[in-house]
Amino acid sequence: MRILLFILPLLFAFNLKAQDVHFSQFAVSNIALNPAIVGNQSADFKVSFQKRTQWKSVADPFNTVAANFEAKDILKKTSVGLQFVNDVAGDANFTTSQLNAAINKSFSIDRDKEISAGILLGFTQRKVDFSNLIFEENENLQNPSFTYFDVGIGANYAAIINDNFSFISGLSAFHINKPKQTLLDDESVQLDEKYNSYFQSFYRINNTIILNPALFYSRQGKSSELLFGTVIRHEIFTFNMELISQIFYRWDDAIIPAFGLNYNSIRAVVSYDINTSDLVAASNNRGGFEFSIMYIWSK
């Protein structure tokens with residue numbers, strides 16, 4: 001049993017003003033980015049898995065996994081998706097388990113332009129393990145977990161400019177029902193709404209090189225995140241595969257290089273957050289390791 005003085009003030013308050021989990025490879029899970037773009041893959045179906053481990057050099061690591069399934073056009077211009085997320089943070093094993101479902105509808109403006117709107121419904125459980133904590137005074141902790149329902153919405157605009165350039169851009173809002181976030185019966189402690197905005201473009205330089213510059217901004221309560229950079233894809237037609245490299249920067253926090261491979265509809269990417277924030281003195285630039293794998297197929 002370890003004495004964890006640095007987290008005791010949070011636990012004494014029991015007002016868990018938690019933020020959402022996040023991934024540096026933000027474009028892997030469309031459900032988490034915007035329910036309006038679920039099913040935007042080129043094939044009929046997509047499954048993906050992500051795992052992230054961070055802050056191992058500072059404290060007990062924060063571990064996050066997410067599994068996603070997306071089906072494109074199950075009805076005319078209607079796509080659906082499912083997502084499961086599990087996040088375990090810190091010595092108290094603060095665990096968040098989520099199951100989300102999303103559906104969207106697309107509308108063509110003309111042959112090369114489309115708008116879509118989507119909705120997300122979710123169920124979440126959060127719990128804390130007090131067995132590893134020592135309190136200076138006896139605490140009556142009768143409710144170490146709570147559950148809540150969640151609602152999110154989003155809209156997206158997609159356009160093909162020419163044979164070599166296209167883009168998508170959208171907005172989404174999560175926790176619009178502001179679910180309760182406390183281990184006590186205090187309805188005033190709520191989860192802040194989260195807003196995502198993004199711009200992703202696809203530019204073909206030549207027959208083998210494709211650039212995917214992207215910008216992502218998220219805000220939840222007083223916390224915000226700005227990510228920008230580009231993915232570079234190099235197609236090797238002889239072997240029916242694609243080499244992937246990317247570099248992103250999270251403003252005032254981390255440089256994020258990544259490398260991967262796309263082969264026979266299977267895409268795997270590994271990235272690492274090189275910490276550049278004020279925590280660098282403790283982290284020694286070591287941030288988070290992230291791995292994703294994706295598979296798409298058609299009927």
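1. Let me start with the nonpolar core. In this predicted model, the largest nonpolar core has 16 residues, and the members that touch the most others are Phe26, Leu33, Tyr198, Phe216, Leu227, Phe248 and Ile256. The elements giving two or more residues to this core are E9, strand E10 (223-236), strand E11 (241-250) and strand E12 (254-263). Of these, E12 gives the most, with three residues. As background, nonpolar side chains tend to be buried together in soluble globular proteins.

2. Phe248 is a good residue to click on while you look at that core. With neighbours within four places in sequence left aside, Phe248 is in contact with Phe26, Ala214, Leu227, Phe228, Gly229, Thr230, Val231, Ala254, Ile255 and Ile256. Three of the names in that list, Phe26, Leu227 and Ile256, also appear with Phe248 among the core members that touch the most others. Apart from this core lies another, of ten residues, including Ala92, Phe130, Tyr148 and Leu183.

3. Now the chain as a whole. Its secondary structure comes to three helices and 14 strands. Of the 299 residues, 43% count as buried. How much of the contact set comes from residues 24 or more positions apart? Among contacts with a separation of 6 or more, such pairs account for 53%.

4. The strand pairing is pleasant to trace from E7 onwards. Strand E7 (residues 165-174) runs antiparallel to strand E8 (residues 194-204), and ten bridges join them. On this side of E8, Tyr203 is the bridge partner of Phe165. E8 is also antiparallel to strand E9 (residues 209-220), with nine bridges between the two. E8 and E9 form a hairpin with four residues between them. To find the register, take Asn196, which stands opposite Ser218 in E9, and Tyr195, whose bridge partner in E9 is Arg219.

5. The pattern carries on to E10. Twelve bridges pair E9 with E10, again in the antiparallel sense. Ile210 has Arg233 as its bridge partner in E10. These two strands form a hairpin as well, with two residues between them, and Gly221 in the turn has a positive phi of about 60°.

6. Which residues other than glycine deserve a look for a positive phi? One is His175, with a phi of about 60°. His175 lies in the loop between E7 and E8 and is buried, with a relative accessible area of 2%. Another is Asn264, whose phi is near 50°. Asn264 sits in the loop between E12 and strand E13 (266-275). Is Asn264 buried or partly exposed? At 41% relative accessibility, Asn264 counts as partly exposed, whereas His175 falls under the 20% limit for buried residues and therefore counts as buried.

7. If you have a cavity tool to hand, here is something to compare with. The count comes to one cavity of 30 Å³ or more, and the largest cavity has a volume of about 380 Å³. Of the 25 residues that line it, Asp20, Val21, Ala32, Leu33 and Lys194 are the closest to its centre. The elements that give two or more residues to the lining are helix H2 (30-33), strand E3 (78-89), strand E4 (94-110), strand E5 (113-127) and E8. What is the make-up of the lining by class? It has ten nonpolar, ten polar and five charged residues. Leu33 links this point to the first one: Leu33 is named among the residues closest to the centre of the cavity and among the members of the largest nonpolar core that touch the most others.

8. Finally, a look at Gly152, which lies in strand E6 (residues 145-162). Gly152 counts as buried because its relative accessibility is 0%, under the 20% limit. Leaving aside neighbours within four places in sequence, Gly152 is in contact with Pro35, Gly118, Ile119, Leu120, Ala173 and Phe174. For a distance to check in your viewer, the C-alpha atoms of Gly152 and Ile31 are separated by 9.9 Å, and these two residues are 121 residues apart along the chain.

Terms used:
Residues numbered from 1 in each chain as written. Predicted model: local features only at pLDDT ≥ 70, side-chain atom pairs only at ≥ 80, totals over all residues. Heavy atoms only, no water. Pairing = 2+ DSSP bridges. 1 Å grid on protein atoms, 1.4 Å probe; cavity = no way out; pocket = protein on both sides within 12 Å on 5 of 7 lines; lining within 4 Å. Points joined across faces, edges and corners; volume = space filled by probe spheres on them. Nonpolar A, V, L, I, M, F, W, Y, C, P; charged D, E, K, R; others polar. Core = buried A, V, L, I, M, F, W, Y, C linked by side-chain atoms within 4.5 Å. Buried < 20%, exposed > 50% of the residue type's maximum accessible area, 1.4 Å probe, protein only. Contact = heavy atoms within 4.5 Å.
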